[in-house]
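Reader: I am new to reading structures, and I would like to go through this one slowly, asking how each statement is justified.

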Amino acid sequence: MTPCFLKIPDGLKRYPLVGIVCWLAALVGAHAAQDVRLRVWSHQGQEAENHAVREIAEAFNAAHRDRGWTVELSFFPDFQYTEKLAVAAAARDLPDVFDLDGPLVARFADVGLLKPLDEFLSDAERADFLPTILAQGTVDGRLYALGSFDSALVLYYDRELLARAGVTPPVEGQGWSWDEFVKACEKLKTAGIEPVALHMNESADEWFTYAFSPVVWSAGGRLIAQDIARVRGELTSEAAVRGVRAWQELFARGFAATDPVEPDPFGQGRVAMDWSGHWMARGHLATKGDRLGVMPLPSLGTPAAACGSWCWAISAETKQQEAAVAWLRWVTEAETGVVPLVRANGAVPARRAAFAHFPEYEQMPYALFRAQLETSARPRPRTPFYAMLTHRFAAALRDISRGADVESRLRKAEEAVQRVIDRKRPTKTAEASRP
Amino acid sequence: MTAWEKQASRRAIWFLLPALGMLAVFVAWPLIRAAWWSVTDADLLATDDAHWIGAENYSDLLRDPRFRHAFLNTALFAILIVPLQTLLAMVLALWVNRPEPAWRWLRTVFFLPVVVSLPVLAVVWTLLYQPEQAGETGLINRLTSVFGFADRAWLRDPSLALPALAAMSIWQGVGLQMMVFLAGLQGVSREQLEAAQLDGASAWQRLVHVVIPSLRNTIVFVVTVTTILAFRLFVQPYLMTRGGPDDRTLSLVQYMYETTFLNLELGRTCAAALLFLTWVGFLTWLQRTLFNEEKS
Amino acid sequence: MSGRRRDHITRWAEALLWSASVVVALLFLAPLLWTLIGSFRVEEAIFRLDAASLIDPRMWTIENYGDAWRRASLGPALAVSIGQVALIVAGGLLVNSLAAYAFARLQFRGSDALFAAVVMLIILPVEVIAVPMFFTARDLGLTGGLGPALAGLTLPFMAKAFNIYFLRQHFLNLPRQIEEAAVLDGARVWAQYWRIALPSIKPALATVVVLDVLTHWGDFLWPLLIGTREETRTVQIGLANLFTQPPVQWGDILACAVIATLPVLVMFRWLQRYIVATQVHTGIK
């Protein structure tokens, strides 16, 4: 016999649909309109960073309670974030504020999805931002996005493991040439230590473009001729091919795993060097302490460092402009936004006023992050076709890491992107696409 | 018509309205829109700004190597899946077709992967197909090594990735087709079977001459449905290989998805969708005429 | 051969067949068993199947379930998934059976042509119209918050050409006498349908429920499009997210996979008695 509290009333049994609808209505009703609710989307990064963003949102809500503003924060994983934004844009359901990776600002600004921010920033505030941050968010002379931090990509190393293999790291602040790097890998491999982690198991395409464009750049090549939107001939230029071939060699000679399972083999002591970014700095310092060393990425010619990171933009169609701007200021202001974020993710603060909070930035590895930004940083290409470009380039790199022929695979990628560009901009590229 | 029938006739519209209304709004209308957009250069974010370009999307697609590639991959997938899964399903149905309760559990066993949905299994099998890295191997490689096969990077090898996906899909879906065959087996005439047995026919002969012919309609049904399902391939490559390696597991639907949300080309996607639909229609027609389905 | 010897051999053969079946069954279920086991294992031990690690209690944990629940917000996700499937099934049963009954029993002009049109829709894959359907959903206000999104997840799939076809087949097979008796008793059309015809095809209804649940529990493309907000995520999308968001923990993923399967399993045990295999076949003839 069913206990009395489990007996469903007969009416409900006969019309379960009614019951379900009522339950759902209650669920929906709980979400009923309150004061101003600001929808904010963020990509899902490392847990520490996500946590920081949540706390920043909570602080914002507390500080603006009198105005009735509440931030509703949603996270989306990297690998589908761009698609999600496209879907939301198509659904005209973009959030009020969202963050996006630097190179994508051009694409969204191009179709009029972003609200220009120039009018909301005083000159003094502008001066406080790092120039790379402003450059990243500016399209055609207007500012559309602001980041709280800039990124850094470096080669971490374990001093002990290197010493064990008889490898001498370079002078502090200097990097290896590619040949020196390969020699170091050889020695490590002979000593039975896996030389370098390249994180080939990253699901987001952007990792590949971000992490390995510097190889192409240092060799003297580039991914796209931005101003005329031409890819044909760029990826298969002699310099680019040379760069990617050198990169492929790392896998062919067993210096790096093509299919790693762990997300952090360097931290676990399995690998001697880590080709990774600022987001691992705090974690690595914690695990390795004094054993941790850092150097710029190996170069095939002119050293090039990656930069550019997530930045915040306001939807052109937002109905909560005031609140949206307030959030933007909050998350990019030194005290309320930059400091908590950088504390969590070890990136380079976007605002000079924030540097005072980070004395540790005088030392390695952070000192290198900052130095790179000023000397060899190069942003990823700002073009409306970036999403396509990164998608194809990443796919090509994945295949190349497993032995595909470099030139033909890059040509395929090149052609695919060029075809799309030609379709969209026939007049602009008709002549220009002949290299 | 009688008075009652007249009344019934009038009522009919109310009976039909909900379902047909929904079909009209959510199926027919999108289909019409797709047809319209397919002959324009509609952009995903600017659908009102679409211009007529005639059959350009279609001719472009048919000449696009990537589209052809996606189609061939999907076709290859179907060619792998349909015969194998149908055959396996029939074999399993015959095996499991025993009334004794001691055999009941076996049906559930084969049906279980069907219940566990595809996205869940796609994720699980990515782990299962893991090649040896840092001392750890996925289950599949362990099992094959028992038979003496070398370790393989199933999902990373351009020639193995699609068959690996096919194997996983067959494993997942065979239970459902098995159930359909089981149902069909119940309809095999007892008298014919007994008559054949009395005539001295062996089990094999009974199978070939009595059982299979009476399963004819079921076989056609299973083959048609499986083929269409095969061409709708999306989740497995999207989650397991993202279309790689070297675009070898790029499916038609993923191509359409990327064209929409990465290239923002709505018109082109709709053209691809309609080509897809035409193909599915053609296949259905082909299979029905080829097997000359008997109406019973 | 004597009868008893033949019996002996048959029983041997049966036993052999049965044992072979057990082995095959175990092999067949190996992936699922591994998932279940793996969900309780510590991260380093997921792939390890050696006896030492299997016995070691430190290699086992239930934390994966808590982590997965939290990280993928499985509570809300399950609610959305179950709500979605329940609505599609319930709504579908109603609208499809109504239409099927009309086609089967009610004569009206154009019935055949209309039915032929419906039948043509059976082979239409949803992927063909997914993107335009998305725009339709948007225009109807079915994207956005939880309520609209739930409607967007369910309304497009309630009416199904195949279900209409299938149920019509079963209605046609019902003997007319019962209904005719009811007519003589003065019953109106609605009562015909609701009180007499519908209850008589319960097994077919159950079959349709099963097929719909199987189809929509595993829905991926459509929730990917419609679920623009965090709170409108289904459990499958949640699992896919867990699969790719850092830190990628296989234990959590496997635990999430198990949790994602439980509701369907439960529903299945419950529905099994209603399903009679022959009913599936009737629709194919």
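Reader: What is the mean pLDDT of chain C, and what share of its residues reach 70 or more?

Author: This is a predicted model, in which local features need pLDDT of at least 70 and side-chain atom pairs count only at pLDDT 80 or more, while totals for chains, interfaces and linings use all residues. Residues are numbered from 1 along each chain as its sequence is written, and chains are lettered from A and ligands numbered from 1 in the order in which they are written. Since pLDDT is the predictor's confidence in each residue, from 0 to 100, chain C can be placed on that scale: its mean is 84, and 91% of its residues reach 70 or more. The model as a whole scores ipTM 0.84 and pTM 0.80.

Reader: Which elements of chain C have the lowest and the highest mean pLDDT?

Author: Helices (H or I, at least four residues) and strands (E, at least two) are DSSP runs, numbered from the N terminus. Among these elements of chain C, the lowest mean pLDDT, 49, belongs to helix 15 (residues 277–282), and the highest, 92, to helix 4 (residues 74–105). Where pLDDT is low, the predicted coordinates should not be read in detail.

Reader: Why is chain C called more spread out than a compact globule?

Author: Chain C has 15 helices and 0 strands. Its radius of gyration (taken over C-alpha atoms) is set against the globule rule, 2.2 Å times the number of residues to the power 0.38. For 285 residues the rule gives 19 Å, and the value for chain C is 25 Å, well over that, so chain C is more spread out than a compact globule. Along its principal axes, the C-alpha trace of chain C spans about 75 × 75 × 35 Å.

Reader: What domains does the assignment give for chain C, and how many residues of each are in contact?

Author: The bounds come from an automatic or database domain assignment, which gives domain 1 (3–62) and domain 2 (66–282) of chain C. Their C-alpha centres lie 34 Å apart. Two residues are in contact if their C-beta atoms, placed from the backbone, lie within 7 Å, and by that test 8 residues of domain 1 of chain C touch 7 residues of domain 2 of chain C.

Reader: What makes up the side of chain C that touches chain B?

Author: The contact takes 62 residues from chain C and 71 residues from chain B. Helix 1 (residues 3–38) of chain C gives the largest share of chain C's side, 9 residues. Ala, Val, Leu, Ile, Met, Phe, Trp, Tyr, Cys and Pro count as nonpolar, Asp, Glu, Lys and Arg as charged, and the others, Gly among them, as polar; on this basis, chain C's side divides into 50 nonpolar, 10 polar and 2 charged residues.

Reader: How do you know that helix 5 of chain B is mostly covered?

Author: A residue is buried if 20 or more other C-beta atoms lie within 10 Å of its own, exposed if 12 or fewer, and partly exposed in between, with C-beta atoms placed from the backbone. In helix 5 (residues 118–128) of chain B, 11 of its 11 residues are buried, including B:Leu118 and B:Trp125.

Reader: Why is strand 10 of chain A called largely enclosed?

Author: In strand 10 (residues 271–277) of chain A, 7 of the 7 residues are buried, so the strand is largely enclosed by the rest of the structure. Two strands pair if DSSP finds at least two bridges between them; strand 8 (residues 153–158) of chain A has 5 bridges to strand 10 of chain A, running antiparallel, and strand 9 (residues 194–197) of chain A has 3, running parallel.
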